[in-house]
Amino acid sequence: MGMTMTQKILASHAGLDSVEAGQLVLVNLDRVLGNDITSPVAIREFEGIGASTVYDKDKVTMVMDHFAPNKDIKAATQCKMCRDFCEKHSVTHFYDVGRMGIEHALLPEKGLVVPGDVVIGADSHTCTYGALGAFSTGVGSTDMACGMATGKAWFKVPSAIKFVLKGKLKKYVSGKDLILHIIGKIGVDGALYRSMEFVGEGVASLTVYDRLTVANMAIEAGAKNGIFEVDEQTAAYVKARSDREFVAYKADEDAVYEETYEIDLSAIEPTVAFPHLPENTRTFDMIGEVKIDQVVIGSCTNGHYKDLEEAAEILKGRTVAKGVRAIIIPATQDIYMKAVENGLVKIFVEAGCVVSTPTCGPCLGGHMGVLAAGERAVATTNRNFVGRMGHTTSEVYLASPAVAAASAVLGKVASPYEVMGN
Amino acid sequence: MKFIGKSIKYGDNVDTDVIIPARYLNTIDKKELASHCMEDIDKTFVTRVQAGDIMVAGNNFGCGSSREHAPIAIKESGISLVIAKSFARIFYRNSINIGLAIVECSEAVDGIKEGDEIEADLDAGVIYNRTTGAQYKTQPFPAFIQKIIENGGLVSSIKAGVIK
């Protein structure tokens, strides 16, 4: 029986010729990731195992991004625990304030993931690297601990849903609108336990950054992973950042997919997920006047340079509406520097936005933009659960950078076309 | 594995942000995490939960973040078992890895009300509602996962050499 892309990667890392959906396999890991929230629990468990050191100092990776720069003494203590651990075990890829970025933007940028890799991360958005043709998935801290100790993790081989993309996205429509559209269609458990595999001629029209955004939110549909077929764009992106040889897996012709969706990219409209689930999506024909208090542009989902460029195009020469706080967070130091050099930061500051150092901060209601009771935010982040960004009566509207920028200008949930015309 | 307790019931898509809000993730202290368990959807949970109680919920329980703090908070609060129609996958594996008992059973969830007295025998694959007298069958775990559970979680399984 034919295998999906995901199944082929799992088979190769389990040392098997073939695997099938439902089979339990123990696979070798190319990278084991954690952050300042999840690593401390993993370190406690790692010490419980009694392992003398990590399985590979070049493959264990820790990024201080959630509550860093430290938001309080407890957060500082957690980062210190990670720092001490990485020093003790000579971990090569430890990223602290000044070198860190938001983990899922940082790892691809640093060339730490290549096509065909198996990556686990104690962060649910680890599924992001599927954009590069890797199998990557979020796990908990105990899996991270055991991965650090043994270099292995167990998986149930997933079945899959195929998304065949055709056509090209319209101006001011991006990967974020596409993934919100898909989650709106299949629901927050629409891909539960399964892979989402993205193929078709339409893939070529999506930038690597759009693909990173789409794969990033596969977890929001309950998926184990999201994965894109590798093409010339992927290869160029990876080769510019890594010398490692890689394998680009393609699904077999007779691979089994439980469902197949055909998606015409040209028909996707700017899409917003209303509170309190990412599946509560609406297009602007269904959105009335929704006044807002805050805009956040950033996160592992949409903190790439391309995202900032899209926001800057709309904010250039305009001002943030009175009563709205607009917070822009470049996802990495390199993105921050490029935004400074190319004048994006000037555009943002002149418009009345604040530009922050890289951090996950507000996305999860940690710091740098927490909401008060009853406040509303348009955010380019990935979750809009009850209390996600602050008070339990606050509301988060998930959207693209273009929608978020337009919303900042108009002080309400707004389409980029309202500001820029068609 | 046998469990007896009173049911505490929630709906669909209970996410890890409401199980343990991110603002409390600046600690790994189990007791402190448990003291905020379910706070954002049910402020009364921590005051009324009793050791052995059984949490009952709908579809996609534990969706969202990979934070292991969520099953840790639930386990430490005294909940002995979570019965749901389905679990989000990371929450599912985290629960098995840390030794929080969980089981999927749609019929039981539909048939159990808040406060019902529940008995569950996961080895026999039976959930019994003492309050209504109704009985439900559950699917056994795959053998590999059963081994992890029997060894008290993933870390102990690795130490015992069950997983190499």
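Modeller: Let me start with a term: a cavity is a set of grid points where a 1.4 Å probe fits but cannot get out, and its lining residues have an atom within 4 Å of a point. The model we are looking at is predicted.

Colleague: Thanks! How many cavities of 30 Å³ or more are there, by this rule?

Modeller: The count is four. The largest cavity has a volume of about 210 Å³.

Colleague: What makes a residue part of the lining of the largest cavity, and which residues lie nearest its centre?

Modeller: A lining residue must have an atom within 4 Å of a point of the cavity. In the largest cavity 23 residues do this, and A:His66, A:Asp123, A:His125, A:Leu364 and A:Arg388 lie nearest the centre. Helix H4 (103-109) and helix H9 (299-302) of chain A each give at least two residues to that lining.

Colleague: And why is another space called a pocket?

Modeller: A pocket is an open set of points, whereas the probe cannot get out of a cavity. The largest pocket has a volume of about 520 Å³. Its lining has 28 residues, and the closest to the centre are A:Lys156, A:Tyr193, B:Tyr92, B:Glu104 and B:Ile145. At least two lining residues each come from strand S7 (152-156) of chain A and from helix H5 (89-98), strand S4 (101-104) and helix H6 (106-111) of chain B.

Colleague: Why is B:Thr16 called buried?

Modeller: Buried means under 20% relative accessible area. B:Thr16 has 1%, so it counts as buried. This residue is in helix H1 (residues 16-19) of chain B, and among its contacts are B:Gly62, B:Cys63, B:Arg67 and B:Phe91.

Colleague: What makes A:Glu279 partly exposed?

Modeller: The partly exposed class lies between under 20% and over 50%. A:Glu279 has 26% relative accessibility, so it belongs there. Its place is the loop between strand S12 (271-273) and strand S13 (281-283) of chain A.

Colleague: How do you know that A:Glu279 makes a polar contact with A:Val188?

Modeller: Such a contact needs N or O atoms within 3.5 Å. A polar atom of the A:Glu279 side chain lies 2.8 Å from the backbone nitrogen of A:Val188, so the distance is within the cut-off. A:Glu279 also touches A:Ile183, A:Gly184 and A:Gly187. Its C-alpha is 7.3 Å from that of A:Leu180, although the two are 99 residues apart in sequence.

Colleague: What makes the length of helix H3 in chain A close to what is expected?

Modeller: The expected span is 1.5 Å times one less than the number of residues. Helix H3 (residues 73-88) has 16 residues and reaches 22 Å from first C-alpha to last, close to the expected 22 Å.

Colleague: How do you know that the buried residues of H3(A) line one face?

Modeller: The buried residues are A:Ala75, A:Gln78, A:Cys79, A:Cys82, A:Phe85 and A:Cys86. Seen down the helix axis, they fall within an arc of 120 degrees, so they line one face. What covers them includes strand S2 (31-35), helix H2 (39-49) and helix H5 (141-150) of chain A. The face turned away carries the exposed A:Ile73, A:Glu87 and A:Lys88.

Colleague: What is found at the start of H3(A), and what just after it?

Modeller: At the start, a side-chain oxygen of A:Asp72 reaches to within 3.3 Å of the backbone nitrogen of A:Lys74. Just after the helix, A:Ser90 takes a positive phi of about 50 degrees.

Methods
Residues numbered from 1 in each chain as written. Chains lettered and ligands numbered in written order. Predicted model: local features only at pLDDT ≥ 70, side-chain atom pairs only at ≥ 80, totals over all residues. Heavy atoms only, no water. Helix = DSSP H or I, 4+ residues; strand = E, 2+ residues; numbered from the N terminus. Buried < 20%, exposed > 50% of the residue type's maximum accessible area, 1.4 Å probe, protein only. Arc of directions from axis to C-beta. Contact = heavy atoms within 4.5 Å. Polar contact = N/O pair within 3.5 Å; in protein donor to acceptor, adjacent residues only side chain to side chain. 1 Å grid on protein atoms, 1.4 Å probe; cavity = no way out; pocket = protein on both sides within 12 Å on 5 of 7 lines; lining within 4 Å. Points joined across faces, edges and corners; volume = space filled by probe spheres on them. Lists of a residue's contacts leave out its neighbours within four places in sequence.
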